[in-house]
Structure formats: structure tokens, C-alpha cells
Amino acid sequence: MSAQLLRRARIAIYVGVLVVVAYFILRYDMVGLPGEGCSPLVALTPGERLVVDRWVGEPELGALLLFSDGADEILLGKLSTLPHSAPPRMHAAIERGSYWIVTDAPDCPGRDSRVMGPIEPDDVVGRILFSLPW
């Protein structure tokens with residue numbers, strides 16, 4: 001192989017690695033839960049590190065989500081179905097594409113759709129892929 005061909009192959013590999021790294025930086029994030037206090041979701045414990053996909057798409061029922069309260073706070077909840085006892089206007093919002101996001105830890109209540117109402121898709125900032133215990 002010529003030196004020029006090797007140099008081009010090396011450049012192509014570097015560019016490929018940079019593209020992959022940029023993709024991961026843009027799409028995924030790592031967020032730490034506070035070590036003190038409690039978690040509003042039974043599946044997560046304080047102090048865990050969460051790997052979050054910022055490109056949420058259409059989350060599946062039961063997905064753990066990070067969402068905005070419309071101000072400056074990011075909240076944690078699970079995508080759920082709307083209770084049958086909910087008022088008709090909430091059913092209409094869900095049919096329109098909003099989400100019903102709830103917390104499930106009985107000892108650690110959190111703000112969710114039961115308090116805030118249906119959550120707009122634009123307010124969902126990430127989907128938790130998995131957690132790391134450190």
C-alpha cells in the first residue's frame with residue numbers, strides 16, 4: 001500500500017470516530033439523582049446515575065421519563081394510562097397527543113400529571129434507558 005492510501009484510510013477512520021462520538025454526545029446524557037432524600041419512582045434509588053436518551057420519539061407505556069414543569073424544574077415520572085375517572089377534558093388532551101406521567105413511590109410523592117394535568121410532548125426532555133448504581 002502506498003503512504004498516501006494509508007494516510008487517507010487513517011483520516012477516514014478519525015472522521016468516522018469523530019462522527020460516532022458527536023452522535024453519542026448529542027443524543028445521550030448522564031444525569032445523577034440526588035444522593036439525599038428519596039426517589040419518586042420505585043425503580044430508582046437516590047444517588048443512581050441515569051443514562052438518558054434526549055431523542056425521546058414516541059415513548060412506550062411504562063417508560064421512565066424526565067419532563068419539564070414549564071418553569072425551570074426537571075421532574076421524573078413514568079408514562080401511564082389515564083384513569084377512567086379523569087374528566088373528559090383530560091381524555092381529550094391525551095387523545096390529542098399529551099402524556100399522562102405519574103410517580104409510583106408511596107413514600108416519596110412527586111409532582112406529576114395528577115397535580116399538573118396532561119404533559120405536552122414538548123415538555124418531555126428525555127427517556128431513561130437504564131441506571132447505574134454509582
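This is a short walk through the structure above, from its sheet to its helix, its disulfide and its largest pocket. Please keep in mind that the model is predicted.

Let us start with the sheet. Six strands make up an open sheet in the order β1-β2-β6-β3-β4-β5, and their pairing is antiparallel. If you trace that order on the screen, you will find β1 and β5 (100–102) at the edges. Each of these two strands has a single partner, so one side of each is left without a neighbour in the sheet. On average, neighbouring strands are turned by 45° against each other, when direction is ignored.

Now we can follow the pairings across the sheet. Strand β2 covers residues 49–53 and strand β6 covers residues 124–132; the two pair in the antiparallel sense over five bridges. Two positions help to fix the register here: V51 stands opposite F130 in β6, while D53 has R127 of β6 as its bridge partner. The next step in the order takes us from β6 to β3, where three bridges join the antiparallel strands. Along that border, L66 stands opposite G126 in β6.

From β3 we move on to β4. Strand β3 spans residues 64–68, and five bridges join this strand to β4 in an antiparallel arrangement. L65 is a handy landmark, with G77 in β4 as its bridge partner. How many residues lie between β3 and β4 in their hairpin? There are five, and G70 in the turn has a positive phi of about 90°. Beyond β4 comes β5, which runs antiparallel to β4 and is joined to that strand by three bridges. Here L79 has I101 in β5 as its bridge partner. While you are looking at strands, a general point may help: in a regular strand the side chains alternate between the two faces of the sheet.

Next, bring the helix into view. Helix α1, residues 3–27, lies across β1 and β2. The helix runs at about 45° to β1.

The loops have a covalent link of their own to show. The structure holds one disulfide, which joins C38 to C108 with an S to S distance of 2.0 Å. The link is right-handed, with 75° about the S-S bond. Where in the chain do its two ends sit? C38 is in the loop between β1 and β2, and C108 is in the loop between β5 and α3 (113–116). The pair thus connects distant parts of the chain, 70 residues apart.

Finally, let us look at the empty space. Rolling a probe the size of a water molecule over the atoms shows where empty space is left. In this model, the largest pocket holds about 320 Å³ of space. Its lining is made up of 18 residues, and those closest to its centre are L33, P40, I74, L75 and L76. Which elements give two or more residues to this lining? They are β1 (28–32) and β4 (74–80). Of the elements, β4 gives the most, with three residues. By type, the lining divides into 12 nonpolar, three polar and three charged residues. So our tour ends at two strands met earlier: β1, at an edge of the sheet, and β4, the hairpin partner of β3.

How values were computed. Residues numbered from 1 in each chain as written. Predicted model: local features only at pLDDT ≥ 70, side-chain atom pairs only at ≥ 80, totals over all residues. Heavy atoms only, no water. 1 Å grid on protein atoms, 1.4 Å probe; cavity = no way out; pocket = protein on both sides within 12 Å on 5 of 7 lines; lining within 4 Å. Points joined across faces, edges and corners; volume = space filled by probe spheres on them. Helix = DSSP H or I, 4+ residues; strand = E, 2+ residues; numbered from the N terminus. Nonpolar A, V, L, I, M, F, W, Y, C, P; charged D, E, K, R; others polar. Pairing = 2+ DSSP bridges. Axes fitted to C-alpha atoms, helices over the stretch in contact; angles between N-to-C directions. Contact = heavy atoms within 4.5 Å. Disulfide = S-S within 2.5 Å.
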